[in-house]
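Open the model in your viewer and keep the selection box handy. We will go from stop to stop, with something to select at each one.

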Amino acid sequence: MTKSLIITQQEIMNNLDLKEVIDSVERTYYLYGKGEIIMPTKITLDMKPLGLSNWFISMPAYIKPADVVGIKFIGGFNANKEIGLPYIMSQILLNDPKTGVLRALMDGNLITNMRTGAQSPVFAKYLASKSDILTIIGAGVQGRATALSMVEIFDFKEIRVSDLDRDARKRFIEEVGNKTSSPILAYDSVEEAVRGADIIVTATTASTPIVYRDWVKPGAVISSIGSDQELDEELILQADKRYVDHMEQNLDRGEFHRCFEKGSLGEDDITGEIGDVICGKVVGRESNDEIIIASPIGMGCLDIAIAAIVYD
């Protein structure tokens, strides 16, 4: 029987290039749009009813062209910070789709961070009108990962970052500054960081709006990667187009789900999924003045595709 591999985070770091991750995310979106991937919606295990304030999400996928089936099991653990562990913990299993034989068990944290960072640049590649000024709201792990992926494919004249935590802003500037010659400016004010920006990414834990319609210029594309609503409802409803990565998953989490729950948005108000844009099935940007909102909340097939690269 084929040996199963146990692959550590360090081994992933040694065998995975950021450009590979970005290319894999784009290709996997394309394959999903072409119907070459089977991926059900995320399955959530909430342990709060039995007194444990932690959660797990199961994210399975079969990718036919890669000849791989797998699942990411990811959770959030509130007490981890006290014992020096990350809040998010995840693992990925890869199996042979024909026999079910386990090919590998690997760390999922680094892959999660890298693919989350790669999502918004792929959306922006197809939906942005200009790429002079990038604004990142939220200087944490996902904000930094997004900026690092952005500078792989765009040459910005200016990068802006806003975060309540000054130390997080400083780390952002140091880490991203090592990968780009673009000037990086830190802002206390979200409004000042957003005004005039071409590409805006919100990567926060906010559950109330932090970006407002009056701040956003015509032609901007906004990628909201938080789990809850980060934009005010006026901005959402007045946007010219709205895109998601996976329609069904966006119905109960991500930027638009509160509007779906209230009935102020319906599925017909979503222009389409990014995979269909890449495939040419759905229209993308049609004018330089359109304000476009994207909600890439994460697809398990992206993790499995990247894990398959590491395994190979």
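**Stop 1: a pocket.** Start by selecting Ile 63, Ala 66, Ala 305, Ala 308 and Ile 309, which of the 15 residues lining the second largest pocket lie nearest its centre. Helix 2 (18-33) and helix 11 (300-311) are the elements that give two or more residues to this lining. Bear in mind as you look around that this is a predicted model. The volume of the second largest pocket comes to about 220 Å³. If you colour its lining by residue type, you will find nine nonpolar residues, two polar and four charged.

**Stop 2: from helix 11 to helix 3.** Stay on helix 11 and show the side chain of Asp 303, then add Arg 115. These two side chains form a salt bridge, with 3.0 Å from N to O. Asp 303 belongs to helix 11 and Arg 115 to helix 3 (residues 109-127), so this pair ties together parts that are 188 residues apart in sequence. Are the two partners buried or exposed? Asp 303 counts as buried, at 0% relative accessibility, and Arg 115 counts as buried too, at 4%.

**Stop 3: helix 3 itself.** Now select residues 109-127, the whole of helix 3. Of its 19 residues, 16 are buried, so helix 3 is largely enclosed by the rest of the structure. You can also try a distance label between its end C-alpha atoms: they are 28 Å apart, which agrees with the 27 Å that 19 residues should span at 1.5 Å a residue.

**Stop 4: a strand with two neighbours.** Select strand 11 (residues 199-202) and turn on its side chains. Ile 199 and Val 201 point one way, while Ile 200 and Thr 202 point the other way. In a regular strand, side chains alternate between the two faces of the sheet. All four of these residues in strand 11 are buried.

Next, bring in the partners:

- Strand 8 (residues 133-137) pairs with strand 11 in the parallel sense, over four bridges. To find the register, look for Ile 137, which stands opposite Thr 202.
- Strand 12 (residues 221-224) also pairs with strand 11 in the parallel sense, over four bridges. Here, Ser 223 is the bridge partner of Val 201.

**Stop 5: salt bridges elsewhere.** How many salt bridges does the structure hold? There are 19, and a few make good selections.

Go to helix 5 (residues 166-177) and pick Glu 175 and Arg 171, which are four residues apart and so separated by about one helical turn. An α-helix has 3.6 residues a turn, so residues three or four places apart point the same way. The side chains of Glu 175 and Arg 171 meet in a salt bridge, at 3.8 Å from N to O. Both ends are partly exposed: Glu 175 has a relative accessible area of 29%, and Arg 171 has 47%.

Then select Arg 195 and Glu 191, whose side chains form a salt bridge at 2.9 Å, N to O. Arg 195 counts as partly exposed at 40% relative accessibility, and Glu 191 is partly exposed with a relative accessible area of 29%.

For the last selection, show Asp 67, Asp 96, Lys 98 and Arg 103 together. Which kind of contact links these four residues? They are joined in a network of salt bridges.

Note on methods
Residues numbered from 1 in each chain as written. Predicted model: local features only at pLDDT ≥ 70, side-chain atom pairs only at ≥ 80, totals over all residues. Heavy atoms only, no water. 1 Å grid on protein atoms, 1.4 Å probe; cavity = no way out; pocket = protein on both sides within 12 Å on 5 of 7 lines; lining within 4 Å. Points joined across faces, edges and corners; volume = space filled by probe spheres on them. Nonpolar A, V, L, I, M, F, W, Y, C, P; charged D, E, K, R; others polar. Buried < 20%, exposed > 50% of the residue type's maximum accessible area, 1.4 Å probe, protein only. Pairing = 2+ DSSP bridges. Expected span 1.5 Å × (residues − 1).
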